[in-house]
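Colleague: Please take me through one part of this model in detail. I would like the largest nonpolar core and the elements around it.

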Amino acid sequence: MRGWTARACTIVFLLGFMAEDRIGPRLGRHGFAAMALLLATMALVPVGLAPYGPAPILLVLLSAMLASRYRGRELWVWLGLINLALGLVMWFTWTRERYIGITLLGYASFQMFAALVMRYAAQAEQAGDALRAANADLLATRSLLAEGARDHERLRLARDLHDVAGHKLTALKLNLAALARDPAAGADPRTTFCAKLADELLTDIRGVVQAMRRGEGLDLGAAITTLADCFPRPRLELELAPDARPASLSQAEAVLRTVQEGLVNAARHSQAQTLWVVLRREGGELQLDLRDDGRGVGELRPGNGLRGMRERLEAVGGGLRIERTDTGGVHLLARLPSDPA
């Protein structure tokens with residue numbers, strides 16, 4: 001009976017340990033602590049029921065799990081309490097007292113090693129997240145700078161066409177009009193034909209100038225996809241309406257930075273696997289809808305990233321709404337005016 005109880009506790013521990021990666025982020029601080037206490041109990045029971053067995057190795061796994069959530073003094077307090085409980089269980093259930101000290105020291109060393117390895121792994125992951133976020137920021141900045149340079153060049157060419165070619169064509173039209181009033185030259189059909197060509201050419205140039213001033217703007221689809229490629233997760237699901245074009249470069253920057261921050265938050269905080277991004281035009285406004293499949297709990301408290309996102313949108317006349325989805329993910333709804341602020 002003792003053996004079956006020890007096996008059942010071991011199975012419960014292993015199931016809980018494997019499930020922690022999925023349910024741990026949803027438990028919150030106190031929920032995770034309760035789960036850790038339950039797993040510690042499930043690991044200590046086999047130590048007492050099956051002395052001298054390999055059951056203490058379960059506490060090594062628990063130490064690694066604790067190191068993924070705690071650091072500094074909190075982590076050392078947890079490890080100290082675990083080993084104190086392990087020592088007491090061994091003292092009251094093991095009969096060979098001379099093995100207790102060295103066994104406890106050995107397993108405590110393994111626990112500290114597992115905790116240190118997990119801490120270094122967590123630090124490496126955080127450094128990787130920071131590097132990916134910085135890379136995404138550089139890519140967004142590069143896209144915006146390239147679009148700014150193209151926009152500047154379009155405006156320069158549009159001004160040159162308007163000021164130089166338009167001016168000379170207007171002068172040509174005036175001279176042809178004066179020539180048409182001359183009895184000798186006005187009767188020549190070629191004069192009328194040249195005046196007509198000048199009118200058409202001036203109209204065409206004005207159309208080209210207007211088109212160049214409008215431009216097509218930043219290719220948001222390509223820029224957003226490039227940002228998402230920096231992150232191993234979440235997977236990006238992008239939907240851009242054909243008429244959903246920002247009215248200015250500043251609005252395009254606000255959209256791009258909002259998606260960038262959404263990607264960073266989903267990768268770093270939400271443990272999300274998918275981020276849905278929808279850009280559409282509704283009721284004369286441009287709406288950007290971001291939603292992930294994270295499993296967070298509790299009220300959302302905006303950090304510096306979300307506050308900066310809201311300030312950037314408000315600077316161009318827009319706004320931001322932040323809420324949780326029914327499944328615990330993050331839902332961001334940004335709006336921008338149809339005309340540049």
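What follows is a close look at that core and its surroundings.

Modeller: A caution to begin: this is a predicted model. The largest nonpolar core holds 35 residues. Among its members, Leu288 and Leu332 touch the most others.

Several elements give two or more residues to this core. The helices are helix 4 (97-181), helix 7 (220-228), helix 8 (249-270) and helix 9 (304-315). The strands are strand 2 (274-282), strand 3 (285-292), strand 4 (319-324) and strand 5 (330-337). Helix 8 gives the most, with 7 residues.

Now take leucine 332. Neighbours within four places in sequence are left aside here. Leucine 332 is then in contact with Leu288, Asp289 and Leu290. Leu306 and Met309 also touch leucine 332. So do Leu320, Arg321 and Ile322.

Another core lies apart from this one, with 33 residues. Ala33, Leu58, Leu66 and Trp94 are among them.

Back to helix 9. Two of the contacts of leucine 332, Leu306 and Met309, are buried in helix 9, as is Leu313. These three buried residues cover an arc of only 55° around the axis, so they sit on the same side of helix 9. On the other side, Asn304, Glu311 and Ala315 are exposed. The length of the helix can be checked too. Helix 9 has 12 residues, so at 1.5 Å a residue it should span 16 Å. Its end C-alpha atoms are 16 Å apart, which agrees. Just after helix 9, glycine 317 takes a positive phi of about 85°.

Helix 7 also has a buried side. Its buried residues are Leu220, Gly221, Ala223, Ile224, Leu227 and Ala228. They cover an arc of only 165° around the axis, which puts them on the same side of helix 7.

Last, strand 2. Threonine 274 has its place there. How buried or exposed is threonine 274? Its relative accessible area is 5%, and buried means under 20%, so threonine 274 counts as buried. Its side chain makes a polar contact of 3.3 Å with the side chain of arginine 235. With neighbours within four places in sequence set aside, threonine 274 is in contact with Pro234, Arg235 and Glu237. Arg291, Asp292 and Asp293 are also in contact with threonine 274.

Note on methods. Residues are numbered from 1 along each chain as its sequence is written. This is a predicted model: local features need pLDDT of at least 70, side-chain atom pairs count only at pLDDT 80 or more; totals for chains, interfaces and linings use all residues. Side-chain values use heavy atoms; hydrogens and water are left out. A nonpolar core is a set of buried Ala, Val, Leu, Ile, Met, Phe, Trp, Tyr and Cys residues joined through side-chain atoms within 4.5 Å. Buried means under 20% relative accessible area, exposed over 50%, partly exposed in between (1.4 Å probe, protein chains only). Helices (H or I, at least four residues) and strands (E, at least two) are DSSP runs, numbered from the N terminus. Contact means heavy atoms within 4.5 Å. The expected span of a helix is 1.5 Å times one less than its number of residues. The arc is that of the directions from the helix axis to the C-beta atoms. A polar contact is a pair of N or O atoms within 3.5 Å; within protein, one must be able to donate a hydrogen and the other to accept it, and residues adjacent in sequence count only if both atoms are side-chain atoms.
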